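Here's a quick briefing to read with the structure open. It goes through a few helices and then a hairpin.

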Amino acid sequence: MILNSKIPDGPIIHKWEQYKSKVRLVSPNNKKKFEIIIIGSGLAGSSAAATLAELGYNVKIFYYQDSPRRAHSIAAQGGINAAKNYQNDGDSIYRLFYDTIKGGDYRSREANVYRLAEISSNIIDQCVAQGIPFAREYNGLLNNRSFGGVQVSRTFYAAGQTGQQLLLGAYGSLMRQVSKGKIQLYSRHEMMDIVIKNGKSVGIISRNLINGKLERHFGHAVILATGGYSNVFYLSTNAMNSNVTAIWQAYKRGALFANPCFVQIHPTCIPISGNYQSKLTLMSESLRNDGRIWVPKKYNDNRDPNLISEDERDYYLERRYPAFGNLVPRDVAARAAKERCDAGFGVGSSKMAVYLDFRDAIIKYGKIECKINKLKNCDHNLYYKLGKKVIKNKYGNLFSMYKQITGVDPYNNPMMIYPAVHYTMGGLWIDYELMTNIKGLYSIGECNFSDHGANRLGASALMQGLADGYFILPYTIGSYLSEHLNLEHVDINDDVFKETELDVINTINSIINIQGSKSVNYFHKKLGQIMWNKCSISRSKEGLEEAIKEIKILKEDFNKNVFVNQNDKNLNIELEKAMRLLNFFDMSELMCKDALNRNESCGGHFRVEYQTKDNEPMRDDINFSHVSVWEYSKKYQSHILHKEKLSYNDVNISQRSYK
């Protein structure tokens with residue numbers, strides 16, 4: 001198979017501009033002839049829907065929530081990157097591009113990443129125009145903070161609720177087009193399958209989650225914006241309903257899947273509290289700007305953290321990585337936390353946590369406030385009082401959230417954190433135009449693979465989602481549609497729609513008719529434990545081979561013993577979960593197969609057999625400088641590996657170091 005990434009010729013700094021100047025366009029009068037389907041209402045989906053409708057296309061947007069405002073993008077806390085260099089600290093488009101390539105451990109596509117960095121400033125301007133309440137300096141300029149893996153301040157933020165505010169901006173633009181009749185909303189609808197005719201995407205089969213009815217919808221193009229597949233681990237920071245179904249069904253219909261094993265483990269999550277927990281809560285990476293991460297130097301030290309003196313504390317990130325300290329990339333910080341806990345230096349009742357401490361930051365800011373206000377006779381108590389106000393202004397809602405969940409006041413006691421599954425860098429393979437290898441089928445945001453390589457830098461997810469939706473797809477989709485002005489409107493009663501719907505019906509019936517004795521959650525938890533133990537922070541050949549066998553056995557058990565109420569034909573949440581889990585079984589097996597095949601360590605993919613003497617990832621650029629692209633063979637029900645070679649002309653590949 002030949003993988004045509006459609007990367008434009010010429011210098012990297014001119015590729016996108018040259019592409020835009022030469023791409024075929026659709027005239028305003030012709031845009032109204034096209035119907036476009038979008039799956040997912042997060043930042044990528046909502047921004048794409050609003051922009052395409054503004055251009056004149058007719059858009060249908062499907063989402064399983066009751067409102068687009070409830071998409072998982074709302075959970076993003078820390079910020080969004082852009083190379084505006086407001087801090088005058090040396091930032092630039094090239095530095096954002098390079099940091100992203102390096103942060104992904106040289107496993108991302110160079111041209112796509114440069115375009116992302118180039119567009120980043122436009123995103124901020126767009127969001128400011130929408131009224132997004134970004135934090136501002138006293139002089140009125142937008143404020144910035146640092147995130148992991150960089151040495152500049154380029155992250156724009158709105159307290160600890162950046163994702164929510166950005167989503168509200170996209171939602172406002174979306175609803176404006178709804179009021180004009182250019183967008184139709186399909187809430188409480190889940191895409192069940194992609195309809196393909198003559199090698200082109202022509203629509204979807206969706207399920208109304210309220211009444212259980214299957215529906216057929218035609219579209220000249222279908223855009224998937226459904227996020228990642230972190231919930232394959234059961235416990236993750238993702239919303240509980242986040243799933244892999246849309247992109248997995250596309251994969252089974254012929255779309256290629258790239259780098260499925262590239263999963264990000266976020267280092268600053270509230271630790272697991274019990275066996276009945278259904279999801280995990282993230283503490284924003286922004287907290288690592290001021291919080292210091294440490295564990296006791298003494299083995300199995302159970303003392304109150306406030307009683308452990310400074311010289312008895314191991315600030316292990318600052319010790320190991322002096323150049324970046326607590327702001328090393330997420331994969332580095334996650335592995336370091338696991339290593340300390342595995343060595344017996346973890347804290348809390350489970351011993352599977354480390355401290356994130358704001359004591360020093362509170363006092364530091366208190367001293368600054370005393371000087372600014374020219375206060376005399378300042379003491380420790382006043383420093384604490386004034387510093388607490390500064391920290392509260394910067395991170396207040398995050399501190400409140402932590403206290404509400406744990407019952408511990410993080411102003412007086414260190415937070416306890418531990419790594420958790422957060423983001424998936426793998427996704428559907430796309431070309432430079434964001435189109436999969438299936439004509440007319442696009443993938444944007446987290447559900448494609450293109451921009452982050454083996455590890456995503458913090459505050460880049462929001463950047464990619466909005467870049468794809470607002471500024472890239474609206475250009476590139478015209479390239480396809482302009483060649484299909486006379487593309488037939490496939491009737492939803494066409495045989496291809498009937499056959500695809502029948503496949504969905506057969507799947508539903510096969511699950512309902514099992515009538516076993518075990519719940520869906522029972523199997524999902526078991527799958528999550530297999531994946532966490534053998535395909536998460538660290539992986540090994542032996543563990544991955546065991547995981548593949550165990551997943552197959554668990555899936556067989558599911559097919560014999562799962563119970564879903566067959567009398568509930570309408571609203572049936574257990575059926576929803578069971579169908580998603582069926583896809584997670586297959587997805588997890590491909591993830592393990594991909595991880596087993598990649599005999600190197602890079603970014604979030606850490607194979608214990610491939611590490612340096614300092615326990616850092618050991619890349620193999622000779623044999624694995626490629627995108628692992630998987631094709632599903634329906635005939636043999638197996639996965640076939642293809643490779644897209646990665647070449648770097650504008651960065652020097654080196655061993656990634658943050659020391």
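Let's start with one pairing: Tyr-632 has His-639 in β19 as its bridge partner. Keep in mind that this is a predicted model. The strands around that pair come up again below, after the helices.

**Helix α14**
- Helix α14 takes in residues 520–534, and at 1.5 Å a residue its 15 residues should span 21 Å; the end C-alpha atoms sit 22 Å apart, so the two agree.
- Buried residues in α14 are Val-520, Phe-523, His-524, Leu-527, Gly-528, Ile-530, Met-531 and Lys-534.
- Those buried residues take up an arc of only 160° around the axis, which means they lie on the same side of α14.
- Among what covers the buried residues of α14 are α15 (541–561) and α16 (573–597).

**Helix α15**
- For the 21 residues of α15, 1.5 Å a residue gives an expected span of 30 Å, and the end C-alpha atoms are 30 Å apart, so that agrees too.
- The buried set in α15 is Gly-543, Leu-544, Ala-547, Ile-548, Ile-551, Leu-554, Asp-557 and Phe-558.
- These buried residues of α15 pack against α14 and α16.

**The β18–β19 hairpin**
- Strands β18 (residues 626–633) and β19 (residues 638–645) are paired in the antiparallel sense, with eight bridges.
- Four residues lie between the two strands of this hairpin, and Gln-637 adopts a positive phi near 50° there.

Key: Residues are numbered from 1 along each chain as its sequence is written. This is a predicted model: local features need pLDDT of at least 70, side-chain atom pairs count only at pLDDT 80 or more; totals for chains, interfaces and linings use all residues. Side-chain values use heavy atoms; hydrogens and water are left out. The expected span of a helix is 1.5 Å times one less than its number of residues. Buried means under 20% relative accessible area, exposed over 50%, partly exposed in between (1.4 Å probe, protein chains only). The arc is that of the directions from the helix axis to the C-beta atoms. Contact means heavy atoms within 4.5 Å. Two strands pair if DSSP finds at least two bridges between them.
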